[in-house]
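Trainee: Hi! Could you walk me through this structure? I'm new to this, so plain words please.

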Amino acid sequence: MIPLSLTEIASVVGGTVEGDGTVTVTAPAVLDGRRAEPGGLFVAFAGERVDGHDYAAQAGRAGAVAVLGSRRTPLPTVVVEDARAALQALAVHVVARLRDRLTVVGLTGSQGKTSTKDLLAAVLSRAAPTIATIGSLNNELGVPLTMLRADAATRYLVLEMGARHVGDIAELTGLVAPDVAVVLGVGQAHLGEFGSRAAIARAKGELVRGLAPGGTAVLNADDPRVVAMRSLTEGPVVTFGHAVHADVRVLGLTLDGLARPSFTLRTSDASVPVALPHVGAHQALNASAAAAAGLAAGVPLDVAAAALPTAALSRWRMEPHDLAGGVTLLDDSYNANPESTRAALDALAAIDGRRRVAVLGEMLELGAASVAEHRAVGEYAASRADVVAVVGEAAQPIADGAGERAVTLADNATAVAWLRGRLGAGDVVLVKASRGARLDEVAAALARGTGG
């Protein structure tokens, strides 16, 4: 973050200073006081169950020098009526101060956002200092927090943008108009919230509509709904994917025994080989998106190709672990929808092993299609795994679809006990569900070798 005194911050956000206004914030803003850095700003929200202001002292012990909130705290505080609006206004101010030397990349899609963001951050970092979204902090609070991490040295700002309703991404592009807008796909994630795929497409298209003048849209050539977003901009368009007409095309895709992809990325004037250490054929599409966005931001294809294998993916995204006894665990427990679950199952099927076990839980927010989609995923899982372990009553339609290959397990503790009693050398285990199912607890228990 660029250095700002509390008096300056109060002027930007329309607040008043309680305490020493000369205190200067020099480190990023945080919502969790435990994660504050020396010189940082703690943003306090008064919620229904927890009042962040009560944790100001904790933030101070971690290094925060000030608070942005709605009432006075033990630390010097900028007091405002609306902490969310103030956080966003501060982020807009900081990025505006840096805008003449900053390229902003916005990225959205129904699946693959976070992994692609991680790949893109690696690509852009090869060219110049880059700030990117941490994990999946991609909402009305996460985006401004990422914006506030930019400083005078930053040249690329990568913002993952999520949505649960039409208008959410438009709100985010209202904070900062991207120079490059990447749309990965229109799937069924949050279908229950949106109501239809057409509505999801409208929501994702808001990123393209929100481009800065002359900005470039980077679109998935394999998804007709995304390609159609070409009509939403008068600026340049770069496409990526497996399709023959893609500007950055994936060719010659193969997987090794651990389902790690090797392929060629080809443009009209260049061709480069890529071998990723990440699990799953779907990572080749993500890599082509990152390379295409890199081209739009001025990073040559050969530089992107060299950077892609160095990317560290965020946790719980097809994260491999070698367990005791020769068992391989694929922890993909961060989230799930029908498309991402099928991609994970494909990766499971491609890994060399004695037996493949898919541990699956509920996929949330699918609306009226939920039962049918869970059953269809179960049918697909039966074609990719030897055992389909279904966790939780809400996921029962998966078991119905998987038929005789299914095992139903009441809860996470039951799943851990069942798995630990049956896994053996050469087995490969995939753990996948929506975040609300908390199957990360199952993966964590297996990884640390405990029974719960």
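Mentor: Happy to! One term to begin with: helices and strands here are DSSP runs, with at least four residues for a helix and at least two for a strand, numbered from the N terminus. Also keep in mind that this is a predicted model.

Trainee: Got it. So where is Ser115 found?

Mentor: Ser115 is found in helix H4.

Trainee: And is Ser115 buried or exposed?

Mentor: Buried means under 20% relative accessible area. Ser115 counts as buried because its relative accessibility is 7%.

Trainee: Which residues is Ser115 in contact with, leaving aside neighbours within four places in sequence?

Mentor: With those neighbours set aside, Ser115 is in contact with Gln283, Asn286, Leu313 and Arg317.

Trainee: What about Thr114, where is its place?

Mentor: Thr114 sits in helix H4, which covers residues 113-125. Thr114 has 7% relative accessibility, so Thr114 counts as buried. Beyond the neighbours within four places in sequence, Thr114 is in contact with Gly135, Ser136, Glu160, Ser314 and Arg317.

Trainee: Which feature does UniProt place at these residues?

Mentor: An unreviewed UniProt entry places a "binding site" at Gly109, Ser110, Gln111, Gly112, Lys113, Thr114 and Ser115.

Trainee: New topic: which residues does UniProt list for the "Mur ligase C-terminal" domain?

Mentor: The unreviewed entry lists residues 317-435 for that domain. Over that stretch, the chain is 37% helix and 27% strand, and the end C-alpha atoms are 12 Å apart.

Trainee: Now pockets! What volume does the second largest pocket have?

Mentor: Its volume is about 190 Å³. The elements giving two or more residues to the lining of this second largest pocket are strand S17 (319-323), helix H15 (412-420) and helix H16 (440-448).

Trainee: How many residues line the second largest pocket, and which lie nearest its centre?

Mentor: There are 13 lining residues, and Leu323, Ala324, Val327, Arg420 and Leu446 lie nearest the centre of the second largest pocket. The lining is made up of eight nonpolar, three polar and two charged residues.

Trainee: You mentioned H16. Which residues are buried in H16?

Mentor: Asp440, Val442, Ala443, Ala445 and Leu446 are buried in H16.

Trainee: What do the buried residues of H16 pack against?

Mentor: They pack against S17, strand S18 (327-332), H15 and strand S22 (427-432).

Trainee: And what comes just after H16?

Mentor: Just after H16 you meet Gly449, which takes a positive phi of about 75 degrees.

Key. Residues numbered from 1 in each chain as written. Predicted model: local features only at pLDDT ≥ 70, side-chain atom pairs only at ≥ 80, totals over all residues. Heavy atoms only, no water. 1 Å grid on protein atoms, 1.4 Å probe; cavity = no way out; pocket = protein on both sides within 12 Å on 5 of 7 lines; lining within 4 Å. Points joined across faces, edges and corners; volume = space filled by probe spheres on them. Nonpolar A, V, L, I, M, F, W, Y, C, P; charged D, E, K, R; others polar. UniProt positions renumbered as here; feature names shortened; annotations may be inferred. Buried < 20%, exposed > 50% of the residue type's maximum accessible area, 1.4 Å probe, protein only. Contact = heavy atoms within 4.5 Å.
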